[in-house]
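Visitor: I have the sequence and the coordinates open, and I'd like to know what stands behind the labels people put on a model. Can you walk me through it?

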Amino acid sequence: SDAMQAFRKLLGENDMMAYLAMMAPRLVELRRVLKPSGSIYLHCDPTASAHLRLLMDAVLGAENFHNEIIWCYKTGGATKRRFARKHDTLLFYSKDANHSRFNVQKEKSYMAHRYGFKKSHFQEDEKGQFSWVIMKDWWELPAVGSSDAQRLGYPTQKPEALLERIIRASSNEGDLVLDPFCGCGTTIASAHRLGRRWIGIDVTHLAISLIKSRLRDAFGAGQTEVHAAEYDVLGEPKDLAGAEQLARTDPYQFQWWALGLVGARPVEQKKGADKGIDGRIDFHDEHTSRKTKSIIFSVKAGKPGVAHVRDLHSVIEREKAAIGVLISMQNPTRNMRTEAAATGLYESPFWGKLYPRLQLITIADLLSGKRIEAPPRRTSVTFKRAPKAERAKQENGRLDFTADDNGGETE
C-alpha cells in the first residue's frame, strides 16, 4: 500500500500507474502461492523494469531479490534518437532467499551444452577438473524470428530456450510451474517437455485455443503415453448454458471461443473492422498446385437472420473463398437455410467430393460433435504448427526429450 501510494504521488494517473495497479495484487497472490523454495521470474522491457523492481521489493522483500537478468538479442530496429534497444529484463526473486532452489549443476551443464564452453570458461579445482562455471546475469539468446521453426504468430512469443533455462535453474522434475500470463503457451510447453507439472492462465479464449493447438501438435496424437499432454481447461464453456452466458457477457470472447471449436484462426482486425470475416481456415486442395484456399467464418452471438447469410455470401464472392460458415448461438430459420442452399457447392479437386459452399452451424451442433463439411484437415495450413516433441532415452530414472525442429535441443 505504501509503495502504491508513492507511485501515485510520483506518476499521477497514466498508463504506467494503471499497469502497476494491475500487477500489484497479482504479485501479492503469486507470493502467497509460492512454496518456501519457490522462485518468480518476471519478464519486462526497459520501460517498466525500474518500476517493477520497486514493486517487487515491496511485495516480496528486497532481501529476496537474486538477479536482474539481461536477455540480449539481435532483433529490433535502430534509431537516430537513441541507442538501439536490444534487451529485455528478467527480475529474479524468491519467497525465501535462504531456502530457494537453484540448480547450479544443471545451469553449468546447460551452458556448456548450449554454448559449447571450453576450458577458458571454467575455473579448475585442485585436481584440474572443471567444477564451476561463471554464471553471468546476461543471457545472449535469439528472439523468435519471422522464419524461426518455433514461431506461431503470437506477438509476444518468447523463445523456448529462454523458458527452458529458467525452468532448469529453479525447479526439478515433478515440480509445479505456474505462468499466470501464458500467452501462446511457451512456458507450459517447455515445462511439459522438461518433466514438470504446470498451470497456465490467460484471460482470452484466443490464447487458450492457440495453446491447445500447440500442445496437440507438439505432444498429442502419435506420442507415447509418457509424453502425451493430458490437461484440463477451466473457465471456458463446457455446455450450451455456459456458451449462452459468454455470448451475453462478452461477444468478442464468445467469438474467439467459437472459432476455437472449429480450429479456425481469428482474423486480426480492430473491433468493428473485420470486413465480414471473423476467422478463417486455410488449406491446400490441388493435386499439383500449392495454391492456398480458404474457409471463412462469421460468428453471431445474437439472433441471426437472412441478411447475415446474404452478407456472408457476398464476402465469399469478394474473397474468392472455397467455403463460408455462419456459426450462431440460435438456430437458423428456414429462410436462412434456403438462402444458404442457393449458394451452391464447392467441388474438391483433390478429394473429388462436393461440399456446401455456405454452411449454417450452431453452437449446440458443435458441442454435440458435429463438424463443418470440408476437405480433411490434414491439408490445413491455418496455424503454423509447433515442432513435434519426441521421446528420447531414459537414463538414471529420468526422461530426456528432443524437439524435431531441424536443430532443436536435447538436454
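**Strand S12 and its neighbours**

Guide: Let's start in the sheet: Val-325 stands opposite Gln-359 in S15. Keep in mind that this is a predicted model.

Visitor: What makes S12 and S15 a pair?

Guide: Two strands pair if there are at least two bridges between them. S12 and strand S15 (residues 358-362) have 5 bridges and run parallel, so they pair under that rule.

Visitor: Which strand does S12 pair with over 6 bridges?

Guide: That's strand S11 (residues 292-300), also in the parallel sense. Val-325 turns up again here, as the bridge partner of Phe-297. S11, helix H10 (residues 306-319) and S12 make a right-handed β-α-β unit.

Visitor: How do you know that S12 is mostly covered?

Guide: Strand S12 covers residues 323-328, and 6 of its 6 residues are buried. In a regular strand the side chains alternate between the two faces of the sheet. Here both faces are covered, with Ile-323, Val-325 and Ile-327 buried on one side and Gly-324, Leu-326 and Ser-328 buried on the other.

Visitor: What makes Lys-320 exposed?

Guide: The cut-off for exposed is over 50% relative accessible area. Lys-320 has 73%, so it counts as exposed. Lys-320 is found in the loop between H10 and S12, and its phi is near 55 degrees, a positive value in a residue other than glycine.

**The core and a covered helix**

Visitor: Which residues have the most contacts inside the largest nonpolar core?

Guide: Ile-295, Phe-297, Ile-327 and Ile-363, in a core of 26 residues. H8, helix H9 (251-262), strand S10 (279-284), S11, S12 and helix H12 (363-367) each supply at least two residues of this core. The largest share, 5 residues, comes from H9.

Visitor: Why is helix H5 called largely enclosed?

Guide: Helix H5 (residues 160-170) has 11 of its 11 residues buried, so it is largely enclosed by the rest of the structure. The buried residues include charged-type names you might want to look up, among them Glu-160, Glu-164, Arg-165 and Arg-168.**Rings**

Visitor: How many aromatic pairs are there?

Guide: The count comes to 7 aromatic pairs. In one of them, the rings of Tyr-41 and Phe-92 have their centres 4.4 Å apart and their planes at 5 degrees.

Visitor: Why is the pair of Tyr-41 and Phe-92 called stacked?

Guide: Ring centres have to lie within 6.5 Å, and planes under 30 degrees apart count as stacked. With 4.4 Å and 5 degrees, the pair passes on both counts, so it is stacked. The pair links distant parts of the chain, with Tyr-41 in strand S1 (residues 39-44) and Phe-92 in strand S3 (residues 87-94), 51 residues apart. Phe-92 counts as buried, at 3% relative accessibility. Tyr-41, Phe-92 and Phe-102 form one aromatic cluster.

Visitor: What makes the pair of Trp-198 and Tyr-231 tilted?

Guide: Their centres are 6.1 Å apart and their planes are at 45 degrees. Stacked needs under 30 degrees and edge-to-face needs over 60, so at 45 degrees the pair is tilted. Trp-198 lies in strand S8 (residues 197-200) and Tyr-231 in the loop between helix H7 (205-219) and helix H8 (240-249), so the pair ties together parts that are 33 residues apart in sequence.

Visitor: Are Trp-198 and Tyr-231 buried or partly exposed?

Guide: One of each. Buried means under 20% relative accessible area, so Trp-198 is buried at 18%. Tyr-231 has 32% and is partly exposed.

Visitor: What makes Trp-351 partly exposed?

Guide: Partly exposed lies between under 20% and over 50%, and Trp-351 has 24% relative accessibility, so it counts as partly exposed. Trp-351 lies in the loop between strand S13 (345-347) and strand S14 (354-356). Trp-351 and Glu-286 are 65 residues apart in sequence and 8.9 Å apart in space, C-alpha to C-alpha.

Visitor: How do you know that the charged end of Arg-53 sits over the ring of Phe-65?

Guide: The distance has to be within 6 Å of the ring centre, and the charged end of Arg-53 is 3.7 Å from the centre of the Phe-65 ring.

**Cysteines**

Visitor: How many disulfides does a search of the whole structure find?

Guide: The search finds 0 disulfides. For Cys-182, the closest cysteine sulfur is in Cys-184, 8.7 Å away. The cut-off is 2.5 Å, so the two are too far apart for a bond. Cys-182 is buried, with a relative accessible area of 5%. Cys-44 is buried as well, with a relative accessible area of 5%.

Definitions and conventions: Residues are numbered from 1 along each chain as its sequence is written. This is a predicted model: local features need pLDDT of at least 70, side-chain atom pairs count only at pLDDT 80 or more; totals for chains, interfaces and linings use all residues. Side-chain values use heavy atoms; hydrogens and water are left out. Buried means under 20% relative accessible area, exposed over 50%, partly exposed in between (1.4 Å probe, protein chains only). Helices (H or I, at least four residues) and strands (E, at least two) are DSSP runs, numbered from the N terminus. A crossover is right-handed if, with the strands pointing away from the viewer, the path from the first strand over the helix to the second runs clockwise. Rings of Phe, Tyr and Trp (its six-membered ring) pair if their centres lie within 6.5 Å; planes under 30 degrees apart count as stacked, over 60 as edge-to-face and the rest as tilted. A charge sits over a ring if NZ of Lys or CZ of Arg is within 6 Å of the ring centre and within 35 degrees of the ring normal. A nonpolar core is a set of buried Ala, Val, Leu, Ile, Met, Phe, Trp, Tyr and Cys residues joined through side-chain atoms within 4.5 Å.
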